[in-house]
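Here are a few exercises to work through with the model open beside you. Try each task before reading its solution.

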Amino acid sequence: MTALLEVRNLTLDYATGRGSFRALEDVSLSVEAGEVLGLVGESGSGKTSLAMAVMGHLAGNARLTAGSIRLGGAELTALGPAAMRATLGRRIGMVFQNPSTSLNPTLTLGRQITEVLERHRGLSGREAWKEAVAWLERVELRHAEALMRRYPHEVSGGEKQRVVIATAFAPHPEIVLFDEPTTALDVITGARILELFHKLRAETGVAGLYISHDLGLVARVAENVAVMRGGRIVETGRATHLFAHPTHDYTRRLVDAVPRPHRRLVDDNPGSAELLRAEAIGVSYARRRLFRASPAGGGIDGVSFAIGEGEILGLVGESGSGKSTVARALTGLVRATGSLRLDGVPVTRMRHDYRRAVQIVFQHPDSSLNPRHRVRDILARPLRLYGGSLAQIPTLLRNVNLPADYASRWPHQLSGGEKQRVAIARAFAARPRLVICDEITASLDVSVQASTIELLLQLRRQHGTAYLFITHDLNLIRQIAHRLIVMREGRLVDRLDVKALGSGREHPYTRALMAASPLPVGEETGP
Amino acid sequence: MTDLLRRLFRTRQGAFGVSILMIVTLICLLGPALAPYSPDRMDFLGRFAAPGVRHWLGADQFGRDELSRLLYGARDTVPAALLATLAGTLVGAVLGTLSAYAGGSWDEAIMRTIDAVMAIPGLLLALLIASTLGGGEQSALLAIAIAFAPGMARITRSVALAARQEEYVAAAIARGESGVRIVFAEMLPNVIAPVIVETTIRVSFAVMLLATLSFLGLGAQPPSSEWGLLVSDGRTYLHDAPWLVLVPGAAIAISAIGFNLLGDGLRDALNPRDER
């Protein structure tokens with residue numbers, strides 16, 4: 001039997017100012033009818049280039065130098081633009097990462113589906129409408145009739161992604177391409193989208209190419225997995241087998257880097273001395289402005305917790321739960337009510353010594369370093385502010401495992417992981433006692449995440465620093481935190497010792513979060 | 001800097017713009033040395049002399065050599081336009097960045113004031129200010145600076161608002177940096193590129209605005225040979241001696257085009273995507 005989608009010896013080059021860059025080299029893979037193939041790889045591995053090549057959606061400077069892409073035996077690379085458009089949507093469905101940009105903001109949700117149905121299945125306006133409503137119900141959206149008349153900005157991200165899925169499945173395609181479909185969604189919403197995908201697969205028997213950087217997710221949806229690195233496929237195999245017994249060195253490292261909740265990376269117990277206590281912290285984003293009032297929303301209310309000397313406190317919750325607002329309140333970035341105590345002494349104003357003791361590292365490495373300052377200048381600021389000599393800069397860099405000559409580099413000359421290391425070095429330049437880590441590994445690849453976590457723990461061993469570690473990744477936080485606090489819709493709902501997780505004493509919401517986190521790959525027994 | 005020039009020359013507009021402006025600069029520097037006559041030397045017999053061997057660009061109603069007046073007049077025109085624009089830019093850029101940094105009511109107050117000022121057309125505003133200040137070269141210069149500042153503030157604020165959202169600004173606030181430092185060291189360097197482009201384009205407006213003010217009698221006063229004044233003087237004799245208007249008019253247009261092209265070139269050269 002021939003494969004439904006067959007990619008053979010595909011080589012793809014991008015022409016750049018400095019010669020050509022090879023994005024894909026001799027890539028071969030096949031997807032049988034009804035099968036889901038997972039494609040895993042870190043950023044820059046070429047997985048999205050491959051998806052774009054399959055869709056004939058290549059950038060102007062891209063060139064397919066060799067190989068073929070066949071769908072049901074027919075060559076796709078030879079198709080003209082019109083024939084390609086007829087194939088896309090009709091025979092190949094697509095679901096992308098960001099539902100907000102894959103829907104047209106000026107069309108109603110209903111119109112986006114009926115358009116596809118009219119074009120690819122030749123339905124009349126009324127038939128298409130009925131069919132579209134049926135599809136919205138199939139993707140488990142409530143009030144389907146009403147949703148048909150809504151615009152994308154009037155519904156949530158999860159709902160949008162369901163509409164995208166409905167448009168992808170509605171023309172009865174043979175294969176659906178998924179490019180990180182849950183990455184932009186929070187954990188629980190993402191888990192529900194995956195359930196929906198399972199259901200639709202069972203109903204329609206459609207094949208899939210599922211692209212993701214998240215090994216846990218891929219292990220959940222795909223039977224077979226291909227691992228990509230540097231434009232090549234390094235290993236393929238059954239999902240269950242490959243992650244449990246990786247043969248290629250790179251796959252092994254990738255699997256190893258995935259956080260496993262039961263492999264603790266921290267085995268000490270912090271002392272009982274209290275470092276920082278937050279009492280009834282509240283932030284309201286409603287602001288009176290000179291000429292108009294801005295609506296409230298996204299604030300936090302009555303958040304109380306304490307962090308001990310040298311303790312790692314995990315703060316988890318979905319996006320929009322107010323996690324980052326807590327970080328912003330503790331660092332004086334937003335005006336907050338409530339009280340703070342540092343070493344038992346009330347903090348009335350954020351003075352120099354408080355700011356020095358409590359440092360923060362942000363989520364986006366690209367944004368947290370000023371692009372117009374060299375690494376040296378970035379590190380010099382806290383040294384000047386908090387007392388320190390510029391001669392420490394090489395040491396600061398070496399402490400975060402960066403070469404000392406990085407001091408003269410510009411941020412854009414660093415990789416994402418390196419930028420994050422500089423941000424960590426900047427925080428540690430103040431010799432802090434508490435470092436707030438706000439989703440600092442969320443935008444990093446899994447292997448870079450592992451080394452960043454390792455670095456944080458190494459710094460903690462050296463300096464005895466406490467961390468408030470904010471994340472949505474329960475598997476990760478269970479490896480390192482001593483205690484957890486859980487937030488939902490601006491309130492603290494649970495406060496527990498990490499060892500108590502899974503004991504049944506946790507808040508129902510915490511349990512829901514746990515259930516939604518993907519099981520770590522390569523582990524025979526789950527929690 | 002040399003790198004920037006190299007990239008500027010790679011774009012056609014940039015190369016043209018820089019070439020034109022180099023000539024204009026040379027004229028400003030060496031004008032008096034190049035001029036065949038003194039700009040004030042009257043020659044009764046040479047009144048309204050057409051462009052020819054004796055007076056290359058003709059002579060005016062007093063027989064003064066038009067070329068010499070043009071070369072001298074460059075000094076009263078181009079540096080003044082540049083200075084006025086720079087002053088307006090500086091005030092506007094700082095105001096815009098401050099507004100974006102402070103946010104809230106401060107932002108509202110600053111921006112609504114700017115809206116109010118911008119409701120008056122630029123030329124009218126400059127006229128108003130210049131006439132209130134009583135005319136003359138300096139008041140014209142000041143009028144242009146004030147007329148330009150609100151627009152620059154607007155543009156800078158829109159860029160600075162984006163910079164304000166960046167985490168390096170949050171990091172600086174969390175570190176306890178002073179507001180002055182955040183505005184000048186963290187934010188301004190990141191908003192400067194579009195501001196520079198806008199500035200060069202505005203210089204061309206300033207050249208024309210200055211000429212207009214002089215033309216209306218609110219700028220430089222005779223016997224200065226500021227280019228706008230030359231146009232104004234020549235207007236009376238438009239039928240008999242059209243070169244008296246055409247020559248300074250062309251000089252104004254060419255230098256304005258030069259600054260415009262430089263602005264276009266800079267916009268491409270300063271594109272952060274391929275910077276450094």
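A residue counts as buried if 20 or more other C-beta atoms lie within 10 Å of its own, and as exposed if 12 or fewer do. Keep in mind that this is a predicted model.

**Exercise 1. Decide whether A:Val163 is buried or exposed, and find its surroundings.**

Step 1: Locate the residue. A:Val163 belongs to helix 7 of chain A, which spans residues 157–169.

Step 2: Apply the cut-off. Because 26 other C-beta atoms lie within 10 Å of A:Val163, this residue is buried.

Step 3: List its partners. Leaving out residues up to four places away in sequence, A:Val163 touches A:Leu103, A:Leu109 and A:Gln112.

Step 4: Try a separation along the chain. A:Ala273 is 110 residues from A:Val163 in sequence, and their C-alpha atoms are separated by 52 Å.

**Exercise 2. Describe how helix 2 of chain B packs with helix 3 of chain B.**

Step 1: Start with the geometry. Two packed helices are described by the distance between their axes and the angle between them. For helix 2 (residues 12–34) and helix 3 of chain B, the axes come within 7 Å and cross at roughly 145°.

Step 2: Add the handedness. Helix 2 and helix 3 of chain B make a left-handed crossing.

Step 3: Name the residues. Helix 2 of chain B brings B:Val24, B:Ile27, B:Cys28, B:Gly31, B:Pro32 and B:Leu34, which meet B:Leu71, B:Tyr72, B:Ala74, B:Arg75, B:Val78 and B:Pro79 of helix 3 of chain B.

Step 4: Sort them by character. This contact has 10 nonpolar residues, one polar and one charged.

**Exercise 3. Now do the same for helix 3 and helix 10 of chain B.**

Step 1: The axes of helix 3 (residues 66–102) and helix 10 (residues 243–269) of chain B come within 11 Å, crossing at roughly 40°.

Step 2: The crossing of helix 3 and helix 10 of chain B is right-handed.

Step 3: Helix 3 of chain B contributes B:Glu66, B:Leu70 and B:Val78, while helix 10 of chain B contributes B:Trp243, B:Leu244, B:Val247, B:Pro248, B:Ala251 and B:Ser255.

Step 4: By character, the residues of this contact are seven nonpolar, one polar and one charged.

**Exercise 4. Work out which elements give two or more residues to the side of chain A that touches chain B.**

Step 1: The contact draws 22 residues from chain A and 17 residues from chain B.

Step 2: In chain A, the elements are helix 13 (352–357), helix 14 (365–368) and helix 15 (375–386). Helix 15 of chain A gives the most, with three residues.

Step 3: The chain A side divides into 10 nonpolar, seven polar and five charged residues.

Terms used. Residues are numbered from 1 along each chain as its sequence is written. Chains are lettered from A and ligands numbered from 1 in the order in which they are written. This is a predicted model: local features need pLDDT of at least 70, side-chain atom pairs count only at pLDDT 80 or more; totals for chains, interfaces and linings use all residues. Axes are lines fitted to C-alpha atoms, for helices over the stretch in contact, and angles run from 0 to 180 degrees between N-to-C directions. Helices (H or I, at least four residues) and strands (E, at least two) are DSSP runs, numbered from the N terminus. A crossing is left-handed if the near helix is turned anticlockwise from the far one by less than a right angle, and right-handed if clockwise. Two residues are in contact if their C-beta atoms, placed from the backbone, lie within 7 Å. Ala, Val, Leu, Ile, Met, Phe, Trp, Tyr, Cys and Pro count as nonpolar, Asp, Glu, Lys and Arg as charged, and the others, Gly among them, as polar.
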